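Let's walk through this structure together, one element at a time. Keep the 3D view open as you read.

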Amino acid sequence: TGDILLNGVTETEARDYKKIEMPVVTFGKHSEYKSSSHGVFCYSTGLAIDPTTNFLYICDDGNNRVQVFNKSFEFIFQFSGKMGRPCGICIKRNKVYVTQNNSNLLTVHSTDGKYLESVGLKGKNHLEFDGPRGLDIC
């Protein structure tokens, strides 16, 4: 829709984005502390939209989980198996790929959150990572 989507940000941060004169949609609540509540984020870091369902997947770094919402921003489900500070996320061919900053992994999940597999070790060689954050799969 051309909107800028912000989640789990403070009012001050949202105001800063609104200065660029594009529609800004905000939702969720930012917390400095861990929370198991739906829609509360402790440093959200990455997001992806499933092109099949239009569900929004958001990495909730500080809470070691991915939260999933529908296009009306209503909570659907979350998953957290094998999460070590999820940062980057993308969805391709009905699989959700998540980079794990603390565990130096790329984990693969089904779109319903079921853990499928992981790749990676700490290091700088092939299939080794050093705090991976972003992710894009072409």
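Six residues separate strand 5 from strand 6 in the hairpin that these two strands form. In its turn, Asn-54 has a positive phi of about 65 degrees. This is a predicted model, so treat the geometry you see here as that of a prediction. The two strands of the hairpin run antiparallel and are joined by five bridges. If you want one pair to look for, Ala-48 stands opposite Tyr-57 of strand 6.

Stay in that loop between strand 5 and strand 6 (56-60), and you will find Phe-55. Is Phe-55 buried or exposed? Neither label fits, because its relative accessible area of 22% makes Phe-55 partly exposed, the cut-off for buried being under 20%. Setting aside residues up to four places away in sequence, Phe-55 touches Ala-48, Ile-49 and Asp-50, along with Val-68, Phe-69, Asn-70 and Ile-76. Lys-71 is 16 residues from Phe-55 in sequence, while their C-alpha atoms are 6.1 Å apart in space.

Now follow the chain onward into strand 6. How many of its five residues are buried? Five of the five are, so strand 6 is largely enclosed by the rest of the structure. A regular strand has side chains that alternate between the two faces of the sheet. Here both faces of strand 6 are covered: Leu-56, Ile-58 and Asp-60 are buried on one side, and Tyr-57 and Cys-59 are buried on the other.

A second hairpin comes next, made by strand 6 and strand 7, with four residues between the strands. In this hairpin Asn-64 takes a positive phi near 50 degrees. Strand 6 and strand 7 pair in the antiparallel sense over five bridges, and Ile-58 has Gln-67 of strand 7 as its bridge partner. Strand 7 (residues 65-69) in turn is joined to strand 8 by four bridges, again antiparallel. There, Phe-69 has Phe-75 in strand 8 as its bridge partner.

Put these pairings together and you have an open sheet of four strands in the order 5-6-7-8, with antiparallel pairing. Strand 5 (44-49) and strand 8 (75-79) are the edge strands, each pairing on one side only. From one strand to the next, the twist averages 20 degrees.

Let's step back along the chain to Ser-31, in the loop between strand 3 (29-30) and strand 4 (40-41). Ser-31 counts as buried because its relative accessible area is 15%. Its side chain reaches the backbone oxygen of Tyr-33 at 2.9 Å. Leaving aside neighbours within four places in sequence, Ser-31 is in contact with Val-40, Phe-41 and Cys-42.

That last contact brings us to the cysteines. Cys-42 is buried, with a relative accessible area of 5%. Cys-87 is buried too, at 3% relative accessibility. What is the nearest cysteine sulfur to that of Cys-87? The sulfur of Cys-59 is, at 6.9 Å, and Cys-87 is in no disulfide. The count of disulfides comes to zero.

Finally, zoom out to the whole chain, which has one helix and 14 strands. Of its 138 residues, 41% count as buried. The chain exposes about 8000 Å², with carbon and sulfur atoms supplying 50% of that area. Among contacts between residues at least 6 apart in sequence, 32% join residues at least 24 apart.

Terms used: Residues numbered from 1 in each chain as written. Predicted model: local features only at pLDDT ≥ 70, side-chain atom pairs only at ≥ 80, totals over all residues. Heavy atoms only, no water. Buried < 20%, exposed > 50% of the residue type's maximum accessible area, 1.4 Å probe, protein only. Polar contact = N/O pair within 3.5 Å; in protein donor to acceptor, adjacent residues only side chain to side chain. Contact = heavy atoms within 4.5 Å. Pairing = 2+ DSSP bridges. Axes fitted to C-alpha atoms, helices over the stretch in contact; angles between N-to-C directions. Areas by Shrake-Rupley, 256 points an atom, 1.4 Å probe, with all protein chains shown as cover. Disulfide = S-S within 2.5 Å.
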